[in-house]
Amino acid sequence: MQLAFFGAAGEVTGSCYLVELERTRFLVDCGMFQGGTDADRRNREPFAFDPRSIAFVLLTHAHIDHSGLLPKLAAGGFTGPIFCTAPTADLAAVMLRDAAHVQEQEASWRTRAAARNDGRRIRPYSPVYTLLEAERCVRRLHGVAYDQRIEPHPDVAATFRDAGHILGSAIIEVAVRAQGVTRKLTFSGDLGLPARPIVRDPTPITDTDVLVVESTYGDRRHRDFASTLDEVAAILAGTIGAGRGNVLFPAFAVGRAQSVLCVLAMLVRAKRSPPLEIYVDSPMAAAATEVTLRHRDVLDDETRALLAWIQTQPKEFRLRFTSDTGDSRALNSRTAGIVIVSASGMCDAGRIRHHLRHNLPRAGAAVVITGFQAAGTLGRRLVDRSPSVRLFGEDVPVRAGIHTVGGLSAHADQPALHAWLRHFRAPPQRTFVVHGEHNVATTFAESVRASLGWRDVAVPALGDAVPL
Ligand SMILES: [Zn+2]
């Protein structure tokens with residue numbers, strides 16, 4: 001038996017692990033590489049294995065760095081099922097179609113730009129995969145219930161446990177039979193923080209032979225949730241409450257946008273905020289919110305109580321989803337009193353840019369940044385207090401208040417990761433630390449050795465194949 005690491009090894013994106021047994025081989029996740037200058041090239045490279053040889057895929061959750069290359073796998077000849085939780089199947093369908101759409105747009109934009117510069121007939125750029133290929137892949141998604149044992153092959157049994165990261169996210173426990181012996185592998189997927197809105201707490205796992213654990217924030221401690229609520233309450237009071245301006249939340253459409261809505265509802269319900277008129281202006285965020293509402297059974301109790309409250313308070317908490325660009329544009333004339341939740345989270349694309357163009361020059365407005373802002377993005381320039389930013393070819397002065405709110409992360413920090421690991425009754429025989437930048441993963445591995453006394457904790461390198 002062998003476990004090979006083809007992504008998220010010494011980095012955060014591109015999760016992809018290959019498990020090879022005597023009679024079958026399968027993948028856990030098949031994610032896209034994101035960020036950095038060579039992500040596009042890496043996403044286009046042929047897989048290090050033959051997609052036709054993969055019997056099935058186990059998918060931890062819908063985020064594109066875990067699911068984004070599944071259409072390429074299917075286009076390359078993979079014909080098996082992709083097992084995931086039912087909410088993940090719905091979210092992944094939304095996200096993979098969107099990813100294909102964005103790639104098709106980008107490819108045609110690049111082709112036109114190259115033709116303009118060169119003038120001659122040039123070979124058209126191609127997307128990593130097309131919308132049609134994404135559709136074909138979406139048909140391979142098989143949603144299963146949490147805690148339900150499935151047997152995709154006579155030598156493999158898998159169970160999805162709630163990872164508390166985003167809707168549908170799972171830790172996957174896999175029992176495999178090799179040389180007559182059964183061994184247990186546990187893939188943490190991305191782990192969430194306990195006691196956060198929307199999702200339940202990560203499920204404790206008590207035993208495994210081999211553990212593959214994420215380490216995105218394995219070297220740090222997050223701001224607590226209570227102070228995040230305080231900060232947002234103060235911003236709402238100083239803008240909406242004082243009648244001075246609008247509040248903009250640039251947010252990732254899947255996960256973060258729904259967390260922001262929860263925080264706003266919690267504050268209004270507790271009378272810590274004035275009544276709110278909220279516009280979710282992102283088709284993807286609207287679709288993801290709709291999927292969330294369709295899967296109420298997997299939401300945490302607090303969120304279900306909050307949804308029941310929202311239904312009885314249409315005046316206190318007025319939530320609208322803008323459907324077309326006309327509705328979106330109509331918000332431009334509103335100079336005060338509304339909350340806009342829009343994508344993209346880093347302000348480098350999407351409708352949020354139009355809202356920023358209109359609201360950044362308004363001194364009474366506020367922009368609330370809730371997620372990581374990569375270097376070079378518009379969001380990062382706002383966080384870095386740039387006095388003006390470039391939007392649609394014009395310089396836009398930044399007079400609005402820019403606030404960074406740190407407590408809405410969907411990832412466990414070091415104390416939360418340690419707490420989850422402490423549920424194992426005995427150290428796994430082998431632990432592999434993945435899904436963290438190299439120095440973070442190394443720091444985290446060292447902390448596990450030091451604090452928990454686990455001996456065999458390794459940070460695999462890209463392409464490593466480990467016999468088990
Ligand atoms: Zn994730």
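How are the donor residues of the zinc ion spaced in sequence? In this predicted model, the spacing follows the pattern H-x1-H-x101-H-x24-D. The pair His-63 and His-165 ties together parts that are 102 residues apart in sequence, because His-63 lies in the loop between strand E4 (56-58) and helix H2 (64-67), while His-165 lies in the loop between strand E8 (156-162) and strand E9 (170-178).

**The zinc site**

Coordination of the zinc ion is provided by His-61 through NE2, His-63 through ND1, His-165 through NE2 and Asp-190 through OD, at 2.2 to 2.3 Å. The site is irregular, with angles of 90 to 165° among the 4 donor atoms. A tetrahedral assignment for four donors would require all angles to lie between 85 and 135 degrees. Two of the histidine donors can also be described by their accessibility: His-63 has a relative accessibility of 19% and counts as buried, and His-165 is likewise buried, with a relative accessible area of 5%.

**The chain as a whole**

The protein chain contains 14 helices and 22 strands. Its radius of gyration is 23 Å, close to the 23 Å that the globule rule gives for 468 residues, so the chain is as compact as a globular protein of that length. Along the principal axes, the C-alpha atoms fill a box of roughly 70 × 60 × 40 Å. Of the 468 residues, 56% are buried. Among contacts with a separation of 6 or more, 75% are between residues 24 or more positions apart. The accessible surface amounts to about 19600 Å², and carbon and sulfur atoms contribute 51% of that area.

**Two further residues**

Thr-431 is placed in strand E20, which spans residues 430-434. Leaving aside residues up to four places away in sequence, Thr-431 touches Leu-211, Val-213, Trp-454, Asp-456, Val-457 and Ala-458.

Asp-224 occupies the loop between strand E11 (210-214) and helix H6 (225-241). The side chain of Asp-224 reaches the backbone nitrogen of Ala-226 at 3.1 Å. The C-alpha atoms of Asp-224 and Gly-407 are separated by 5.7 Å, although these residues are 183 residues apart along the chain.

The accessibility of the individual residues is collected below.

| Residue | Relative accessibility | Class |
|---|---|---|
| His-63 | 19% | buried |
| His-165 | 5% | buried |
| Thr-431 | 2% | buried |
| Asp-224 | 44% | partly exposed |

Methods. Residues numbered from 1 in each chain as written. Predicted model: local features only at pLDDT ≥ 70, side-chain atom pairs only at ≥ 80, totals over all residues. Heavy atoms only, no water. Donors = N, O, S within 2.8 Å, 3.2 Å for Na, K, Ca; no water. Tetrahedral: all angles 85-135°; square planar, octahedral: opposite > 155°, others 65-115°. Helix = DSSP H or I, 4+ residues; strand = E, 2+ residues; numbered from the N terminus. Buried < 20%, exposed > 50% of the residue type's maximum accessible area, 1.4 Å probe, protein only. Rg over C-alpha atoms; globule rule 2.2 N^0.38 Å. Contact = heavy atoms within 4.5 Å. Areas by Shrake-Rupley, 256 points an atom, 1.4 Å probe, with all protein chains shown as cover. Polar contact = N/O pair within 3.5 Å; in protein donor to acceptor, adjacent residues only side chain to side chain.
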